[in-house]
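Welcome! Here is a short briefing to read alongside the sequence and the 3D view. Take a moment to turn the structure around before you start on the points below.

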Amino acid sequence: MLARRLARLIPRRSIASYAYTQGQNNSDLDASLLSVLKERGLVSNVTSEDLDKVISKESLTVYCGADPTAKSLHVGNMMPLMILLHFYIRGHNLLPLVGGATGQVGDPSGRTTERTRLVDDEREDNVMRIQSQMGQFFERASEYASTRGYVGKRGDLKPLNNAEWWKGVSFLGFLGTYGRHIRVGHMLARESVKARLNSEQGIGFNEFAYQVLQAYDFWHLFKTYNCRIQVGGNDQWGNITAGIDLISRLRSHLDKKDPKHNQDAYGITVPLLTTPSGEKFGKSAGNAVWLDKALTKPYDLYQYFIKAPDSVVESYLKLFTLIPLEEIPEVMEKHRQDESLRYAQRVLASEVTDLIHGSGAGQRSQLISAILFPIPGDQHVADSSASEILNAFEAEGLVKEIPKSDLLGQPWKFVLATALGKSKSEAGRLLKGGGVYVGLERANVRNEETFQTSHLVDDSLLLIRVGKGNYTVVRAIN
């Protein structure tokens, strides 16, 4: 079977599930959280090194926000999410936030042009999708973490939408109450603002004021949920420090008898994820790999990480998996024995797919990818069983069912039209062009042939390839 044959090339320990059973210790738990985050490359800056001591003494509440500018989060959003995950699986509390209110304004951070404004219905739909996605991400990631040795108590998880508290704030009321605590000089000094002020386009008041809105969010979460840490990309440094500054000015007005109100707030920024060529990775750049499986299939996500260059694969293993830091050099040593087998990339791709889409998704995607996108020299796919393949493809919603009686003895032009949903004339042109292949061995189909039982794998699976990579998977039912 394919899984056993893969194990000969790449041990199952490293591909399907990276060697952990529930209850086994993870060496990363013995080190301080901040030092682990830094060693993994997840930290760009911290507002105070005192945070390390604070983390070790008590359970904290951490938040990270995302504006609803698309229907889904993408791989570029995973950097701050991974920091939140490391906190969560060590018992800290999370407030993943969707900016239903601030998304109406637009964050200028890291941008040279103003964002396109979304209509209300589209933005509200995005809010619901992303809020649900955040909850699912941490639920699945927590299960993944359990298989990697993180079996302790989780913190509390509360996804939020900042429209919930902004809807009761008037413009004049906000200026009257909070305006006196906000310093315009500090706002003008922030890099995201200075860059736009000196540009030809300039900056609108809406984007200029965005940092104030985000600062107020931090303040609201601080006083309402005792949230003391904000996480964001390093282009969010100015917005995060604006929130810390506002908290320091306003907390003096709170009840000093409550010890929570005498505590400091902190910020952590993560490096922005870029492609190997140095481009910003995100939806604006047109190269997004989405976390929603309806937009990016799990096997496409798997394929993205399989294609990761050797120059970044070690850093990606640190950033996007929970493989213990001490074991990543072992993965890389194995990888370097024959880099053409892409051992490290396969470990990475399987781990990330399990992390995002749930346990088993990596193994299914591994099987699908081995069939659809074979690595040169990988000849063992022909030994796969029909049930293994169909189960993997069905989990991704990629199997079409056709009665076997509708196929047997029929001209291939008819079979191809039925399976691909094309006209008979179009199917005939594809066959005459010689670009239609069938089965795991990709046998070329001739125009004059009729469909026979021999075209099926294990009397049930019909695998059709048109051209270099356009596959259709059919279950022939009785």
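Two strands count as paired if DSSP finds at least two bridges between them. With that in hand, β8 and β10 qualify as partners: they run antiparallel and share three bridges. Please keep in mind that this is a predicted model.

**The chain as a whole**

- The chain contains 21 helices and eleven strands.
- Of its 478 residues, 52% are buried.
- Among contacts with a separation of 6 or more, 76% join residues that are 24 or more positions apart.
- The accessible surface of the chain is about 21300 Å², and carbon and sulfur atoms contribute 48% of that area.

**The five-stranded sheet**

- Five strands make an open sheet with mixed pairing, in the order β7-β11-β10-β8-β9.
- β7 and β9 (443–444) are the edge strands; each has a single partner strand, so one side of each has no neighbour in the sheet.
- Within the pairing of β8 and β10, Tyr-437 has Arg-465 of β10 as its bridge partner.
- Arg-465 also has a bridge partner in β11, namely Tyr-471.
- β10 and β11 pair in the antiparallel sense, with six bridges between them.
- These two strands, β10 and β11, form a hairpin with three residues between them, and Gly-467 in the turn has a positive phi of about 75°.

**A covered strand and a helix beside the sheet**

- How many of the six residues of β10 are buried? The count is six of six, so to speak a full house.
- From β10, Leu-461, Leu-463 and Arg-465 point one way, while Leu-462, Ile-464 and Val-466 point the other way.
- Helix α20 (residues 412–420) has these buried residues: Trp-412, Val-415, Leu-416, Ala-417, Ala-419 and Leu-420.
- Those buried residues of α20 pack against β7 (399–403), β8 (436–438), β10 (461–466) and β11 (470–477), and also against helix α21 (424–432).
- Just after α20 comes Gly-421, which takes a positive phi of about 70°.

**Aromatic rings that pair up**

- The count of aromatic pairs comes to ten, with rings pairing if their centres lie within 6.5 Å.
- Tyr-88 and Phe-138 have ring centres 6.1 Å apart and planes at 70°, so this pair is edge-to-face.
- Tyr-88 belongs to helix α5 (residues 78–88) and Phe-138 to helix α6 (residues 120–146), so the pair ties together parts that are 50 residues apart in sequence.
- Both Tyr-88 and Phe-138 are buried.
- Trp-219 and Phe-222 have ring centres 6.3 Å apart and planes at 25°, so this pair is stacked.
- Trp-219 and Phe-222 are separated by about one helical turn, because they sit three residues apart in helix α12 (residues 210–225).
- Trp-219 counts as buried because its relative accessibility is 4%, and Phe-222 is buried with a relative accessible area of 1%.
- Ring pairs also link Tyr-304, Phe-305, Tyr-316 and Phe-320 into a cluster.

**A nonpolar patch on the surface**

- Is Phe-171 buried or exposed? Phe-171 counts as exposed because its relative accessibility is 57%.
- Phe-171 is found in helix α8 (residues 171–178).
- Together with Leu-172 and Leu-175, Phe-171 forms a nonpolar surface patch, and the three have about 360 Å² of accessible area together.

Terms used:
Residues numbered from 1 in each chain as written. Predicted model: local features only at pLDDT ≥ 70, side-chain atom pairs only at ≥ 80, totals over all residues. Heavy atoms only, no water. Patch = residues over 30% accessible without salt bridge, like charges linked within 9 Å, V, L, I, M, F, W, Y side chains within 5 Å. Areas by Shrake-Rupley, 256 points an atom, 1.4 Å probe, with all protein chains shown as cover. Salt bridge = Lys/Arg side-chain N within 4 Å of Asp/Glu carboxyl O. Helix = DSSP H or I, 4+ residues; strand = E, 2+ residues; numbered from the N terminus. Buried < 20%, exposed > 50% of the residue type's maximum accessible area, 1.4 Å probe, protein only. Contact = heavy atoms within 4.5 Å. Phe/Tyr/Trp six-rings, centres within 6.5 Å; stacked < 30°, edge-to-face > 60°.
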